[in-house]
Amino acid sequence: MESMVVEEIKPIEKPVDREKTCPLLLRVFCSTGRHNSPGDYARGNVPQNELQIYTWMDATLRELTGLVREVNPETRRKGTYFDFAIVYPDMRSPTYRMREIGVTCSGQRGGDDNKTLSQVKFQIGYYLDISITPPNRMPPPMRRPQAYNNNRVY
């Protein structure tokens, strides 16, 4: 029996020329302490808490965090967590599915900060759902390990 180590090679992303490329409309839905339910997006409906952002596919989660913080003053406090998820139509049924893509934290650097929309396989027409957890609240239970776990105060 043999084992082989294979190095994963990530394709090099070409930067978007933001002067020449038209931005896309990113429909963002924020809620405090939890994600919206995928059922909230059913039958042509969307949650009430919509934020519309014009951006590009090379926008990072850190950049999107900053844009949400600009329009939402209560999210500016250091230690606020932003848990990002993509909401997209299920091709096999008339429902929507949700996939978590990363977490950022105000005032701290993390492993997901530099993920771009294109790296997380975002497609135009999908929605972005953000669960915002203020620093004075317990973070939501994590489904996967995060880089911030050692820095949380419970």
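1. A residue is called buried when its relative accessible area is under 20%, exposed when it is over 50%, and partly exposed in between. By that yardstick, Arg 97 counts as partly exposed, because its relative accessibility is 44%. Please keep in mind that this is a predicted model.

2. Let's begin with the sheet. Five strands build an open, mixed sheet, and their order across it is β2-β1-β5-β3-β4. The edges belong to β2 (50–55) and β4 (96–105); each has a single partner strand, so one side of each has no neighbour in the sheet. On average, neighbouring strands are turned by 30° against each other, direction ignored.

3. Now to one pairing inside that sheet. Strand β1 (residues 24–32) and strand β5 (residues 127–133) run parallel and are joined by 6 bridges. If you would like a residue to look for, Thr 32 has Ile 132 in β5 as its bridge partner.

4. The aromatic rings come next, with 7 aromatic pairs in the structure. Tyr 96 and Tyr 127 make a tilted pair, 5.9 Å centre to centre with 35° between the planes. Since Tyr 96 sits in strand β4 and Tyr 127 in strand β5, the pair ties together parts 31 residues apart in sequence. Tyr 96 is partly exposed at 24% relative accessible area, whereas Tyr 127 is buried at 11%. Both tyrosines belong to an aromatic cluster with Phe 29 and Tyr 41.

5. Phe 122 and Tyr 126 form an edge-to-face pair: 5.9 Å lies between the centres and 80° between the planes. Phe 122 is buried, with a relative accessible area of 4%, and Tyr 126 is buried too, at 15%.

6. Turning to charged side chains, the structure has 6 salt bridges. One of them joins Asp 58 and Arg 18, at 2.8 Å from N to O. This pair links distant parts of the chain, 40 residues apart: Asp 58 is in the loop between β2 and α1 (61–71), and Arg 18 is in the segment before β1. Asp 58 is buried at 18% relative accessibility, while Arg 18 is partly exposed at 29%. Together with Glu 63, these two residues are linked in a salt-bridge network.

7. Finally, here are two more salt bridges to look at. Arg 97, the residue from the opening point, meets Asp 90 at 3.9 Å, N to O; Asp 90 is buried, with 15% relative accessible area. Lys 115 and Asp 112 form another, with their closest N and O atoms 3.3 Å apart. Here Lys 115 is partly exposed at 25% and Asp 112 is buried at 9%.

Notes
Residues are numbered from 1 along each chain as its sequence is written. This is a predicted model: local features need pLDDT of at least 70, side-chain atom pairs count only at pLDDT 80 or more; totals for chains, interfaces and linings use all residues. Side-chain values use heavy atoms; hydrogens and water are left out. Two strands pair if DSSP finds at least two bridges between them. Helices (H or I, at least four residues) and strands (E, at least two) are DSSP runs, numbered from the N terminus. Axes are lines fitted to C-alpha atoms, for helices over the stretch in contact, and angles run from 0 to 180 degrees between N-to-C directions. Rings of Phe, Tyr and Trp (its six-membered ring) pair if their centres lie within 6.5 Å; planes under 30 degrees apart count as stacked, over 60 as edge-to-face and the rest as tilted. Buried means under 20% relative accessible area, exposed over 50%, partly exposed in between (1.4 Å probe, protein chains only). A salt bridge is a side-chain nitrogen of Lys or Arg within 4 Å of a carboxyl oxygen of Asp or Glu.
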